[in-house]
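Visitor: I would like a close look at a single part of this model, its buried interior. Please take me through it in one connected account.

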Amino acid sequence: MGASPFVHAATVAKKRKVIVITFGGGARDQETFAPEGQINIPHMLGELIPQSSFFTQVTNHGILGHYVATASLATGVYETLNNFSAVPPEHPTVFEYFRKDLRRPVSDAWVVAPSNGFNRIGESDCRSYGPGLGARVILPKHLLSAATSGSNVDYGHLLHDNYETPLYAPQIGGGEFELQQLDTILKLSVDDFKAHATMLASPDELSVYIARRLMRQESPSLLWITMHDIDVAHSGAYSLYVDAIRRTDRLCAELWKAVQEEPEYAGNTTLLILPDFGRDSDQDSGGNGFQHHRTGDAASRTTWMMALGAGVRPGVVYDNPVQSIDLVPSIGAIMGFSAAQAQGKPIKELL
């Protein structure tokens with residue numbers, strides 16, 4: 001006996017959803033996809049890549065820095081802003097295109113981000129889009145800071161804010177607004193949030209926890225998660241860097257599993273995973289090994305992307321070059337909006 005027509009109709013009516021996971025580092029160096037580093041990414045190799053369309057040549061021709069590169073990913077334009085300035089992108093973001101063209105409410109686009117400047121990533125300075133049309137940005141560290149104010153429990157390992165430039169470490173502060181987010185949006189009590197945080201080892205685990213709560217409570221159609229643990233490489237601690245790669249690998253798999261488990265996402269969601277830009281190999285002295293990545297050579301500008309889920313051909317590897325700024329036009333083509341000012345082009349293999 002076939003499924004009820006009402007069940008079928010409900011499935012068809014579910015809006016297409018897109019989740020983007022970006023992170024700093026973990027691109028092509030010997031700790032990841034090189035043979036000697038594959039032990040560090042068992043979930044990507046064993047679980048995710050076989051289900052994905054995997055793009056091996058994603059290049060970035062812009063400024064290599066975590067915030068500016070992420071802003072370029074989010075706008076489809078190589079942004080030129082100062083990497084260590086808390087300013088919005090100059091060009092419209094994917095969230096503004098999505099909300100304006102499809103007339104979606106503010107609750108339908110969210111960013112979960114590290115708090116070192118990424119709080120401005122959800123909305124651009126472009127006058128034709130601009131204020132009120134961007135994504136809501138949630139900063140897990142700010143939530144935790146607000147929730148633990150006056151606490152005698154040490155949450156310092158979850159609140160560290162910048163590994164690359166200690167002089168640029170914006171003060172982490174939380175207040176009444178963050179507490180309201182916990183209560184009204186995430187449906188979390190302060191006590192429950194603090195108790196869960198004590199079980200987490202890193203800021204990215206906190207971000208994934210918040211992202212999963214958003215998926216359950218708000219079910220946004222466009223969700224962007226930026227993870228930052230791998231940036232610990234800048235501290236020069238190789239073991240911590242490898243730990244962060246392994247953790248990122250695990251968290252990406254956990255988010256894909258969450259997509260399958262959430263009724264609003266299962267069967268109608270495309271998940272896109274990619275580094276914000278590359279990282280030089282240890283053999284390249286100009287790149288200072290695993291620790292820094294500003295040489296601008298081919299190794300630091302070439303990364304990868306995997307796409308899983310709705311509309312994606314599983315188990316296919318594409319070696320044709322694409323650019324990081326192709327991400328936004330591709331999401332537009334998937335979801336049905338125009339990325340009018342983006343300089344990239346839709347990736348035809350995703351359409």
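Visitor: To begin with one residue, does cysteine 252 count as buried or exposed?

Guide: In this predicted model, cysteine 252 counts as buried, because its relative accessibility is 0%, below the 20% cut-off used for that class. Cysteine 126 also counts as buried, because its relative accessibility of 11% falls within that limit. As for bonds between cysteines, the count of disulfides comes to zero.

The wider setting is a chain of 351 residues, of which 57% count as buried, and its fold comprises twelve helices and nine strands. Among contacts between residues at least 6 apart in sequence, 76% join residues that are at least 24 apart. About 14,100 Å² of the chain is exposed, with carbon and sulfur atoms supplying 53% of that area.

Turning to the interior itself, the largest nonpolar core holds 49 residues, and those that touch the most other members are Ile19, Ile21, Phe23, Leu186, Phe193, Ile273 and Met306. Helix 10, which spans residues 238-261, contributes nine residues, the largest share of this core. Apart from this core lies another, of 44 residues, which includes Ala109, Leu222, Ala307 and Tyr318.

Leucine 186, one of the residues touching the most other members of the largest core, deserves a closer look. Leaving aside residues up to four places away in sequence, leucine 186 touches Ile138, Leu143 and Leu214, together with Ile210, Gln181, Arg213 and Gln217.

Technical notes
Residues are numbered from 1 along each chain as its sequence is written. This is a predicted model: local features need pLDDT of at least 70, side-chain atom pairs count only at pLDDT 80 or more; totals for chains, interfaces and linings use all residues. Side-chain values use heavy atoms; hydrogens and water are left out. Helices (H or I, at least four residues) and strands (E, at least two) are DSSP runs, numbered from the N terminus. Buried means under 20% relative accessible area, exposed over 50%, partly exposed in between (1.4 Å probe, protein chains only). Contact means heavy atoms within 4.5 Å. Accessible areas come from the Shrake-Rupley method with a 1.4 Å probe; for residues, only the protein chains shown count as cover. A nonpolar core is a set of buried Ala, Val, Leu, Ile, Met, Phe, Trp, Tyr and Cys residues joined through side-chain atoms within 4.5 Å. A disulfide is a pair of cysteine sulfur atoms within 2.5 Å.
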